[in-house]
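Welcome! Open your viewer, keep the selection tool handy, and follow the stops below one by one.

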Protein chains: 4
Amino acid sequence: MKIKTSADYMSSLQAINPVIYYKGEKIEDVTVHPATAPHVRAAAMTYALASSDEYHDLATATSHLTGRKVSRFTHVHQNVGDLIKKVKLLRVLGQKTGTCFQRCVGLDGINAVYSVAYEVDRKCGTDYFERFKKWLTDIQDENLMVVGAMTDPKGDRSKSPVDQPDPDQFVRVVERRSDGFVIRGAKLHMTGAVNSHEILIMPTMAMDEKSKDYALVGAIPIDAPGITMVFGRQAGDDRRDKQETIDVGKPRFGAVGGEAMIVFDDVFIPNERIFLNGEAEFTGSIVYRFAAHHRANYGACKTGLMDVLTGAVTYLAQAQGSAKGSHVRDKVTEMIHLSETLYSSSIACSVEGVPTESGAYMVDTMLANVCKQNVTRFHFEVARLAVDLAGGFIATLPSEYDLRSDDVGHLVKKYFTGVADIPVEDRIKIGRLIEAMTGGTAMVESMHGAGSPQAQRIMIFREGDLAKKMSLAKALAGIPSRKKE
Amino acid sequence: MKIKTSADYMSSLQAINPVIYYKGEKIEDVTVHPATAPHVRAAAMTYALASSDEYHDLATATSHLTGRKVSRFTHVHQNVGDLIKKVKLLRVLGQKTGTCFQRCVGLDGINAVYSVAYEVDRKCGTDYFERFKKWLTDIQDENLMVVGAMTDPKGDRSKSPVDQPDPDQFVRVVERRSDGFVIRGAKLHMTGAVNSHEILIMPTMAMDEKSKDYALVGAIPIDAPGITMVFGRQAGDDRRDKQETIDVGKPRFGAVGGEAMIVFDDVFIPNERIFLNGEAEFTGSIVYRFAAHHRANYGACKTGLMDVLTGAVTYLAQAQGSAKGSHVRDKVTEMIHLSETLYSSSIACSVEGVPTESGAYMVDTMLANVCKQNVTRFHFEVARLAVDLAGGFIATLPSEYDLRSDDVGHLVKKYFTGVADIPVEDRIKIGRLIEAMTGGTAMVESMHGAGSPQAQRIMIFREGDLAKKMSLAKALAGIPSRKKE
Amino acid sequence: MKIKTSADYMSSLQAINPVIYYKGEKIEDVTVHPATAPHVRAAAMTYALASSDEYHDLATATSHLTGRKVSRFTHVHQNVGDLIKKVKLLRVLGQKTGTCFQRCVGLDGINAVYSVAYEVDRKCGTDYFERFKKWLTDIQDENLMVVGAMTDPKGDRSKSPVDQPDPDQFVRVVERRSDGFVIRGAKLHMTGAVNSHEILIMPTMAMDEKSKDYALVGAIPIDAPGITMVFGRQAGDDRRDKQETIDVGKPRFGAVGGEAMIVFDDVFIPNERIFLNGEAEFTGSIVYRFAAHHRANYGACKTGLMDVLTGAVTYLAQAQGSAKGSHVRDKVTEMIHLSETLYSSSIACSVEGVPTESGAYMVDTMLANVCKQNVTRFHFEVARLAVDLAGGFIATLPSEYDLRSDDVGHLVKKYFTGVADIPVEDRIKIGRLIEAMTGGTAMVESMHGAGSPQAQRIMIFREGDLAKKMSLAKALAGIPSRKKE
Amino acid sequence: MKIKTSADYMSSLQAINPVIYYKGEKIEDVTVHPATAPHVRAAAMTYALASSDEYHDLATATSHLTGRKVSRFTHVHQNVGDLIKKVKLLRVLGQKTGTCFQRCVGLDGINAVYSVAYEVDRKCGTDYFERFKKWLTDIQDENLMVVGAMTDPKGDRSKSPVDQPDPDQFVRVVERRSDGFVIRGAKLHMTGAVNSHEILIMPTMAMDEKSKDYALVGAIPIDAPGITMVFGRQAGDDRRDKQETIDVGKPRFGAVGGEAMIVFDDVFIPNERIFLNGEAEFTGSIVYRFAAHHRANYGACKTGLMDVLTGAVTYLAQAQGSAKGSHVRDKVTEMIHLSETLYSSSIACSVEGVPTESGAYMVDTMLANVCKQNVTRFHFEVARLAVDLAGGFIATLPSEYDLRSDDVGHLVKKYFTGVADIPVEDRIKIGRLIEAMTGGTAMVESMHGAGSPQAQRIMIFREGDLAKKMSLAKALAGIPSRKKE
């Protein structure tokens, strides 16, 4: 691993030149710009853990390609143990950053493309798998951060790619050359894009034969010509941009995730970086496998966030003198219960993992979808309980400017003091943390990241093996089996 | 009514001089300062409706004190019809402002103090009722906005007022004079305070005999000497402060409520404005009646907000081409269902209203508490469903600066376009509206305004008449009644 | 009212001769047969309350047809006050019987047919309204119990009436004569049928022009030639049939509802008892109005049942020494909260009631559907909480035969004794009551009576006025209105 | 394993003579008595699977004591793999019997006592561990069914064992002899007791020093002198007792579990069968370990039941022609989602299992409690959805006597026919299956078996490591750690 530490990672980002806009202006250095630096620090934690004694075993793996030690975020899962370690790693990272640390999308893209490329080659006689292993070996050895890019704008949802008024609403090949192809379109909601080194582009849904130009997979550096990124707006970003230290909630890390749209304005991808090119029948597998891995992950990292929220309200209750209340304890119990239920889904879909033809391990698809579906419920309920226990003051607290004001600072301090032995600033800080972690963008991301709730339900129904379940019921009810059913 | 129109109201605020701080600086004119003007406009809607043809009947009433037409927000409810009209008025105001319009706290304070003052006089031979009627006649004739001020800082929640290390954690009388008394302390979370004319101070909980100095009710102008307000920070306030027009979600009204802490630094209140002075045994009634009225109101105004959210996601689904999906329709159905269930609680506690000794009508206490308890559940679930249906783009949308940028504006427009005949700006605006109405402060206010969830549960248990319910069960089970039980 | 008392009602049933089967045998006298007597007693309570001092005002009304005092269960609602009194009456009856008292279906059928008959006549020049008033006057004067018969078997749900392999899956006219028509088919789930005097037959859904033969309304005596009833099986019916006194849960009333299928095997209905005959376009109105009234009622009677359950678990907690536990109090609070929320829907749809063209009052359709939808959630949750608080013993209690056994009775008594001063028999009885009221049939009835949950959702969506809600959202977001939308 | 097959098991039960009462009379042969035979058949399935090819690997294990093949239900878990296989076995058994197969209580008792006996010996110098291994070797070699007996009557819940008016409300030693001790008391809700060979008696809760006489563990044959059992009453037991074949829901297996109270009327236990005798400090560990294992199991067997319910409603929807409805599919999806979420908890607590000092593996206590807590929610919701999808007919269906009646059988058949190609009997049978599996006893057992919901919440709070969670939150909020907290 060339990039070993947090500092290495920072330097590596300063060495590249992606085009990034934010609030109408260009961002020159993501490691210092107040809008992106907190996100960079969260991603840097993935490097920091790998170089720490305590978490080294979780955060790294031995590459099956080279036998060398690599970041787990660039590793192809070789067994159930890998899947479980990944889950534990993600929970720790969630606990330590309280936000998205952004490297899962690359990891999940790598694992999805790896196993499908193998199958495409076997069926179609292509050499995507060898190309991909070569590319991946570089990624592993350099320890690059990869943004897995899947979600297209989609335009009018009632129309397929080829029927859109604007054919660019899904990323597509606009020109084919002997040495590669040229693509156009955009990817939305790209977590960690602005501080990644590479983009791994994948289709957003199963494509049919008519949509062959949309059936593409390829990788390019984030600063390749023709790529423009626009970093999205978030709840609380203005506090962050002003480099506030208390009201921002989490002074070191992004209060919430950071996403960008990536526009591909006729970007050339050379052949050795192309891993699918028109084999439409395999697009479904890429999407489903990426989605399953990604959905499994949400149960781990979000549990980490929910752990933080549970701790935050417990501490706040102590600071306010209300920790002994039976309803306080009951709500904290419920927060723990929901967190651990969610975590259980993440563990279970790992344990029930199975090898693909390539040898790479897949999580159990059903349970991974169940896991993400639970995120869209339990994270909201935990946030609601946190808001309940926090009390109304997180919505009405005067700003940190008032706290420091000569005119009114003493009043803010006097009247927001709780129990005697906890400083008022600590109470305010924990309140701001809860505000940041329960509001707006943070929750939206939890709902839609890794696919909206309905996407999971479709998979859950499909994987439910209702034929078998009907047989069980009929056997118990004494109904004889009949052929035609 | 001297203040008749929205414009009159603006002028009246410019004529007074309250001391208001926000982000470390003083606000000189709340009607134009970007932090407060949206809230002023929401409150002004209460005046505007009263002067409109369509809503005149809902928004005004005939004073039982003077026989003159008054704003319903200064009216003492005389019958069930008054209570129901109020509910309908609040729902309309919620629909038209999408936020808190702030005049309920005064209304509910007036109704609570009115009926209790009558009872204090009967028991103690005081003349609070006459004083209060005189004060109220002025309020009605001038059509002033009153902030009902109840919530104290409370310091260490495990300690009573007199046991706090700092005795000022609850507002108290620090000096008694022949012509009045002097108070010290603060009230937190004061909705509409910065754009009110008067404060009606009430105790925050039932006080015992030891806490007589905390058993006080009085009224003073908002700009009385010794009063300092600090306007609280909110999610999205920076967008508002920069006078953005799209990203703020609601360009005309506050994206969320606006609250202030009010500090009373030895403020004198003359006798004719004192309505309780040490009669601790009546403090409970004031709190319970205020709370019941206020909790009933939440079922009405929040339903208005939920109506807006339901409309917003329906429109957005059209703009994205997904309106026909069965799961979309099902979730919209659920949003309506929860909204109307909530509204029903608000109506029901009004219909079951009963007269107090003074003749003023109280809502049914049980049902009013049930109503608010439902707010703390259904508003969150409706917001969650809105976030679900809105899609992830409300968390990752580029800013309006990017939308207008020469460099990237065309890309933002191209890739956020939905169906052909709805302008991309409209899709973005509705997305921002949903972002504003489902995030952070808006939801916290819904949870804690009018009392935190546990406060309602205590009342629901207390009012549940379990003795009668046990008798019903025993009769049906064939258990003979026994004396001692 | 000819039938004035409970005893009158019993005699009136003994004077008629309906054909009723149960468990393969005929029931000769429903007032004494153990399978039906408890249901008869529950229905008799509607007569008893009308003749009581305490409930006379709720249980009777003044007929707008004759000016005479009539049972409220035969009354056409003349105003909002009537609707509210009905709600209060149903809650009392639910509290006093703990089960279905069966007269609502007739009441709701009367109110639906009354108002639609008026409208049919105005449009089609028929005389159904006069016929119906004449029939209704008799019903009122005699104070007969009417079973409103709506639900058809429906066969294959994916096919319309005329496309069914068996055309009798919906009740239809098989022969038209100058003096009337002959019908064939069946009605299922007919509550109270076996102890009613009259049947009011209505269509089960909106019929189209092709299905004119299915567009019929008519009334006939329960013992008319060609009618056969089969009384359905219920959870716990065997205990009742063996006339057990403890294990049956409710010794006096049916542990759960009692329903029958009514088969019409070529039954003649004379013209004066025909109130719709082929005017298919009006079938929808009959169904929707009946359904709305009936759904409103469920919020009232089921609240009565939930009151009983709340009382039962409270008493049981006392009997077991666990009443002080904070989680016990919290769950009881939740039971009350859900009960009162449900009740509120029932009240609200009454208050928002509106007159039809005939002058008869309709509940608010939206809110009535919301009300029933809540039954299908809250009654289940209250039952679940009751089971939680009751403890496992309600599933494992030895039978009353063991309790009375010389061999083991002393052991049962010894080991099921709770606190010292409450007899063990009382603890067992209250346990059996909870068992009866939370299990099987009772809950199924709550789910499907007055229409399955999805039926309500369709109405809620349809009545949601989404166009208006979209306008509200667009106005707040600053989106200009455009014509074409 | 001496008892190898289902038939062996039947014979073995006929060879012993336990004292069993039911409905006031003695049961002589549990394998043929209609009240117990269905439960015997469900337990026999555990033997049948062990002797089947398909399930042999799941249903058996290699004894760590003898190296011989034993039933998994007598095995001490040696690793995580054992715990996971057990989970999979229980789900299969749930699917194949649709009810409780009763052998978990023995298994969990064995595992709890095994590991604690080891620890007692180490601390106290006793030889319980050797005694227990000897006893267990017999159980394994004979392949006996053991009822783990924990729950005491408890009398007045607000009083401890020694403070009860009747000291026998908890099982206790009433006489100590050189060769053993004599116990008195009772155990309630004993699943599978009447068809077990042995009882393993454990304390019901952590005992203190004052309650040393209640701190006992011992094993005795089910037909030991002084033991009397009373088999409990269940919903639907009368149908079963009459040997109905359709209405009983599940003709072969118990519609619901079968529990008995076991009375110990001065029963002697010899020393070699005593595994705890007054060492009160270890009682807590026995209870917690038994409870954790048992709670983990509930997530597995109940998932099996929920699979059956999901299949049943899917088949019924086909039989009624409603399977294509979007709301039907959505509800089925929800049933699967909840089932798999529950299953995930069961898997996760196994994977996170840890060895005790004895080497026996424990499930993760937190996750096992989370698992059971989910049973008390999800099984109810799945049952509610099943009732929703089944339709009202499961509450109003005529009996099988009517179905076979010459008088009305043809009518029942005609009017309960659904789609053309599914026999009406099949539709009725599946309806009865759903009725049996969603009503009464079945759900109560799910709520309270393995401990009532509040018992799990206490453990979840206790195991939540709130100190660590507070540290996480403080670190993120920028709050410095302070010593004293």
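**Stop 1: where the chains meet.** Start by colouring chain A and chain B separately. This is a predicted model, and in it the two chains bury about 6200 Å² between them, with 60% of that on carbon and sulfur atoms. Now select the residues in contact: you should pick up 76 residues from chain B and 76 residues from chain A. In chain B, highlight R233(B), R384(B) and Y415(B), which lose the most area to chain A; together they make up 14% of what that side buries.

**Stop 2: charges across the interface.** How many salt bridges are there between chain B and chain A? The count is 10. To visit one of them, select K414(B) and D168(A) and show their side chains: the closest N and O atoms of this salt bridge are 2.8 Å apart. Polar contacts can be displayed here too, with 38 residue pairs found across the interface, both residues at pLDDT 80 or more. Next, select helix α10 of chain B, residues 365-390, which gives the largest share of the side of chain B touching chain A, namely 6 residues. Colour that whole side by residue type, and you will have 27 nonpolar, 26 polar and 23 charged residues.

**Stop 3: a link within chain B.** Over all chains, the structure holds 172 salt bridges. For one inside chain B, select E142(B) and K2(B), whose side chains meet at 3.4 Å, N to O. E142(B) belongs to helix α6 (residues 128-142), while K2(B) lies in the segment before α1 (6-14), so look for two distant parts of the chain, 140 residues apart.

**Stop 4: two helices crossing.** Finally, select residues 80-97 of chain B for helix α4 and residues 283-320 of chain B for helix α8. Their axes come within 7 Å and cross at roughly 35°, and the crossing is right-handed. Show side chains where they meet: on α4(B) look for residues including L83(B), V87(B) and L90(B), and on α8(B) for residues including A300(B), G304(B) and V308(B). The residues of this contact divide into 7 nonpolar, 6 polar and 3 charged.

Notes
Residues are numbered from 1 along each chain as its sequence is written. Chains are lettered from A and ligands numbered from 1 in the order in which they are written. This is a predicted model: local features need pLDDT of at least 70, side-chain atom pairs count only at pLDDT 80 or more; totals for chains, interfaces and linings use all residues. Side-chain values use heavy atoms; hydrogens and water are left out. Axes are lines fitted to C-alpha atoms, for helices over the stretch in contact, and angles run from 0 to 180 degrees between N-to-C directions. Helices (H or I, at least four residues) and strands (E, at least two) are DSSP runs, numbered from the N terminus. A crossing is left-handed if the near helix is turned anticlockwise from the far one by less than a right angle, and right-handed if clockwise. Contact means heavy atoms within 4.5 Å. Ala, Val, Leu, Ile, Met, Phe, Trp, Tyr, Cys and Pro count as nonpolar, Asp, Glu, Lys and Arg as charged, and the others, Gly among them, as polar. Buried area is the accessible area (1.4 Å probe) that two parts lose on being put together, summed over both. A salt bridge is a side-chain nitrogen of Lys or Arg within 4 Å of a carboxyl oxygen of Asp or Glu. A polar contact is a pair of N or O atoms within 3.5 Å; within protein, one must be able to donate a hydrogen and the other to accept it, and residues adjacent in sequence count only if both atoms are side-chain atoms.
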